[in-house]
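Thanks, everyone. Please have a look at the sequence and the model on the screen. I'll keep this short.

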Amino acid sequence: DDRFAEIVELVDVIQGRGGRVVFVRFPSAKRIREIEDIMYPRDAYWDRFVALTDSGSIHYADYPALEAIDLPDGVHIDASQRAPFTQALARILVAGGHATRP
C-alpha cells in the first residue's frame, strides 16, 4: 500500500506538470505467467494499482497482438519481434487516446 501511494503521488506530480503516464504490463510466457499469477495475482496487484491512479494502463493479456509476441526465454522479446511489438503497442496507445501520431 505504501509503494502504491508513492507511485500514485509521482503520477500526480508528472500529470500535474502536463505529462502523461501510461503503465504497460509487458508480456510473459505461459510458464512465467503461471508463477506470476500465483505470486502476484492480477486483481490484487495490477488491477488494484491502476484503479488508484488517473494514468493510462495497458496489460498485454487484454490485447491479442501483444500476447502473441515470441518470448524465447519467457520474458524478453525476440529481436525479430521488436518492430511488430512496437507497432502493436503504438496502435494500442493511439487507439486508447494515450498518444497521438506524429
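I'll start with one helix, then go through some salt bridges.

First, a caution: this is a predicted model.

Let's begin with helix α1. α1 runs over residues 2-16. The helix has 15 residues. From first C-alpha to last, α1 reaches 21 Å. That is close to the 21 Å expected at 1.5 Å a residue.

Which residues of α1 are buried? They are Phe4, Ile7, Val8 and Val11. These residues cover an arc of only 105 degrees around the axis, so they sit on the same side of α1. And what do the buried residues of α1 pack against? Their partners are β1 and α3, the latter spanning 46-52.

Now turn to the face pointing away from that buried side. There, α1 carries the exposed residues Asp2, Glu9 and Gly16. After the helix comes Gly18. The phi of Gly18 is positive, near 95 degrees.

On to the charges. How many salt bridges does the structure hold? The count is 7. A general point helps here: side chains of opposite charge can pair when their charged atoms come close.

One of the bridges is within α1. Glu6 pairs with Arg3, with the closest N and O atoms 3.1 Å apart. Why do these two suit each other in sequence? Glu6 and Arg3 are 3 residues apart in α1, so about one helical turn separates them. In an α-helix there are 3.6 residues a turn, so residues three or four places apart point the same way. Glu6 is partly exposed, at 41% relative accessible area.

Next, Arg25 and Glu36. Their closest N and O atoms are 2.4 Å apart. Arg25 lies in strand β1, residues 22-25, and Glu36 in helix α2, residues 30-39, so this salt bridge ties together parts 11 residues apart in sequence. Buried or exposed? Arg25 is partly exposed, with a relative accessible area of 22%. Glu36 also counts as partly exposed, at 22%.

Then there is Arg33 with Glu67. This salt bridge is 3.0 Å, N to O. Arg33 belongs to α2 and Glu67 to helix α4, residues 64-67, so the pair links parts that are 34 residues apart in sequence. Arg33 is partly exposed at 24% relative accessible area. Glu67 is partly exposed too, at 32%.

Last, a network. Salt bridges link Lys30, Arg31 and Glu34.

To recap: α1 has its buried residues on the same side, and salt bridges tie α2 to β1 and to α4. Thank you.

How values were computed. Residues numbered from 1 in each chain as written. Predicted model: local features only at pLDDT ≥ 70, side-chain atom pairs only at ≥ 80, totals over all residues. Heavy atoms only, no water. Salt bridge = Lys/Arg side-chain N within 4 Å of Asp/Glu carboxyl O. Helix = DSSP H or I, 4+ residues; strand = E, 2+ residues; numbered from the N terminus. Buried < 20%, exposed > 50% of the residue type's maximum accessible area, 1.4 Å probe, protein only. Expected span 1.5 Å × (residues − 1). Arc of directions from axis to C-beta. Contact = heavy atoms within 4.5 Å.
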